[in-house]
Amino acid sequence: LASTVFSWQQARLAEREALRARATRDFLMGLYKPVSWLSAQPRRGGQVTARELLDLSAEQLQQAPVADPLVQQDLMEALFELYGDVGSTPDRLRLALALRAHTRQHAGADSPAHFLALVQLAEVQFESDGPAARRTLAEAEALLPRLTLTDAQQMPFWQVKGQVEEETRLADAEQALARAVALSTAEGVPPLRRAQALMLLARLRWDGHGQLDEAVALYERALQTLRDEPGIPAFQRTQPEVELGEVLRLRGDFARSGDLLRTAFQRSEQGLGLLHPDTAQTGLRLAEWLRATGQPRASRELLQRLLADWSGSERQDDLLTVPNLHRQLAETLVAQGQGAAALPHSAQAMAGLERRYGAQPSVTHAVWLLESARAAALAGQVRQAQAQLARAQAEAATIEPTPAYHRKRAAVRATVAVLAQAAQTPGPSAAADEALAEWERAGLPLDRKSTRLNSSH
């Protein structure tokens, strides 16, 4: 009897999977029929771009949902992933919100499907709305004790939790990401997700703890994970290659760092275009490398080209990329001693960052405040610089600042102190001497004869 029941259950499961496969096929075949604007322009049918077909698929799925809720969910998740490939955060957010509502209605609020939809939503929200991501992640975390989840189902939650906590609580972020990496070897975890967990832990190791060698090893593991999967395109290796290039630059291996960054940028520009987030993020890292290797003019020209394209496009309101472009351009201008020219870009960077994170204190916000203070000091606005420096220090006292923050603080504090003294009276200053001593204790390069201090840190 038991074997008969088991066989019946297996047959029902196989029938269910076959129905889902047929429904998915019927939906995809329907997209290629002469519908809507294609019927009016049959010659356009052979010229439709992948993005147009993707938008058409999303529109069709919204206007005429598939009858089977599981098939509808499968298709929505597939479109979510495809919009990630084309770098469209607004479309991914729209689909993630729809998936949350869909799984709540059809699978129930206390279901693994709804839990995963919440995690997915938090991950995409974090790109533009940090507080919303925290609220969504807290909702998912409340479900954990009530659900029986596989390791593969739990793993994305710990990865996203680590990513969100990285800005304020390093110890919690470290614990979450270490758990995500441990779970990433479970059956059913996609190689790309496994590589992402390794990359996030690597970034925390070097940016949060200054452990450059450990970070290099983790990035190499991430890249090997992607290389071992022949179906994963080279574009998916861009992020670990670029971040590895940044760590190598910090470690002093400028030749290998430059090779990685130039190759990745050229591949992204040619294959994805300047308006893809991967291309912009790669360009940001390449601009830093150019500045660090004594090529500020080339750095400025690259950033100006990227910023002009992004600011003149439908992506001008992107809160992840555009503020970073303004920030790096401000840093490059500061490196050239052009504090006044840097100030507008610094202000736009801070405005975008504050729209993304809200009033939530974060390491990134404190570091950007320090950079704004340095630009203001070099522009002769010493009081504004002192106010921003004080604000950054007060904010850092409420979170767990990283070694990168402490290095930046030492550099900026010295710059502000020296320029404040120069603006008042000539001669020695106790405040300036104390700030310069902190600079030297941080192991940063120093020329006491110049107030145009090295800004690459």
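The paragraphs below go through a predicted model of one protein chain, from its overall make-up to its cores and some of its helix contacts.

The protein chain holds 21 helices and 0 strands. Of its 457 residues, 48% are buried. Among contacts with a separation of 6 or more, 61% join residues that are 24 or more positions apart.

The largest nonpolar core contains 95 residues, and the members that touch the most others are Phe 115, Phe 157 and Tyr 219. The element that gives the most to this core is helix 18, residues 363-378, with 10 residues. A second core, separate from that one, has 15 residues, among them Val 66, Leu 75, Leu 79 and Val 124.

Tyr 219 can be followed further. Neighbours within four places in sequence aside, Tyr 219 is in contact with Met 199, Ala 202, Arg 203 and Trp 206, and also with Pro 240, Glu 243, Leu 244 and Val 247. Helix 12 spans residues 238-250, and its packing against two other helices comes next.

One partner of helix 12 is helix 13, residues 254-272; the two axes come within 8 Å and cross at roughly 155 degrees. An angle over 145 degrees counts as roughly antiparallel, so helix 12 and helix 13 are described that way. The crossing is left-handed. On the helix 12 side the contact involves Thr 238, Glu 241, Val 242, Leu 244, Gly 245, Glu 246, Leu 248 and Arg 249. These meet Phe 254, Arg 256, Ser 257, Leu 260, Leu 261, Ala 264, Arg 267 and Ser 268 of helix 13. Sorted by class, the residues of this contact are 7 nonpolar, 4 polar and 5 charged.

The other partner is helix 14, residues 277-292, whose axis comes within 10 Å of that of helix 12 at a crossing angle of roughly 15 degrees. Helix 12 is therefore roughly parallel to helix 14. This crossing is also left-handed. Helix 12 contributes Thr 238, Val 242, Glu 243, Glu 246 and Arg 249, while helix 14 contributes Gln 281, Thr 282, Arg 285, Glu 288, Trp 289 and Ala 292. The contact of helix 12 with helix 14 consists of 3 nonpolar, 3 polar and 5 charged residues. Glu 243 is thus listed in the contact with helix 14 and among the residues that touch Tyr 219.

Earlier in the chain, helix 5 (residues 89-106) and helix 6 (residues 112-125) form another pair, with axes that come within 9 Å and cross at roughly 160 degrees. That angle makes helix 5 roughly antiparallel to helix 6, and their crossing is left-handed. From helix 5 the contact takes in Thr 89, Arg 92, Leu 93, Ala 96, Leu 97, Leu 99, Arg 100, Thr 103 and Arg 104. Helix 6 supplies Ala 113, His 114, Ala 117, Leu 118, Gln 120, Leu 121, Val 124 and Gln 125. The division by class is 9 nonpolar, 5 polar and 3 charged. Val 124, one of the helix 6 residues in this contact, is also a member of the second core.

A last stop is Ala 180, in helix 9 (residues 170-183). Ala 180 has 0% relative accessibility and therefore counts as buried. Not counting residues up to four places away in sequence, Ala 180 touches Met 155, Trp 158, Gln 159 and Ala 197. The C-alpha atom of Ala 180 is separated by 9.6 Å from that of Ala 152, a residue 28 residues apart along the chain.

How values were computed: Residues numbered from 1 in each chain as written. Predicted model: local features only at pLDDT ≥ 70, side-chain atom pairs only at ≥ 80, totals over all residues. Heavy atoms only, no water. Axes fitted to C-alpha atoms, helices over the stretch in contact; angles between N-to-C directions. Helix = DSSP H or I, 4+ residues; strand = E, 2+ residues; numbered from the N terminus. Parallel < 35°, antiparallel > 145°, perpendicular 65-115°, else oblique. Left-handed = near helix turned anticlockwise from the far one by under 90°. Contact = heavy atoms within 4.5 Å. Nonpolar A, V, L, I, M, F, W, Y, C, P; charged D, E, K, R; others polar. Core = buried A, V, L, I, M, F, W, Y, C linked by side-chain atoms within 4.5 Å. Buried < 20%, exposed > 50% of the residue type's maximum accessible area, 1.4 Å probe, protein only.
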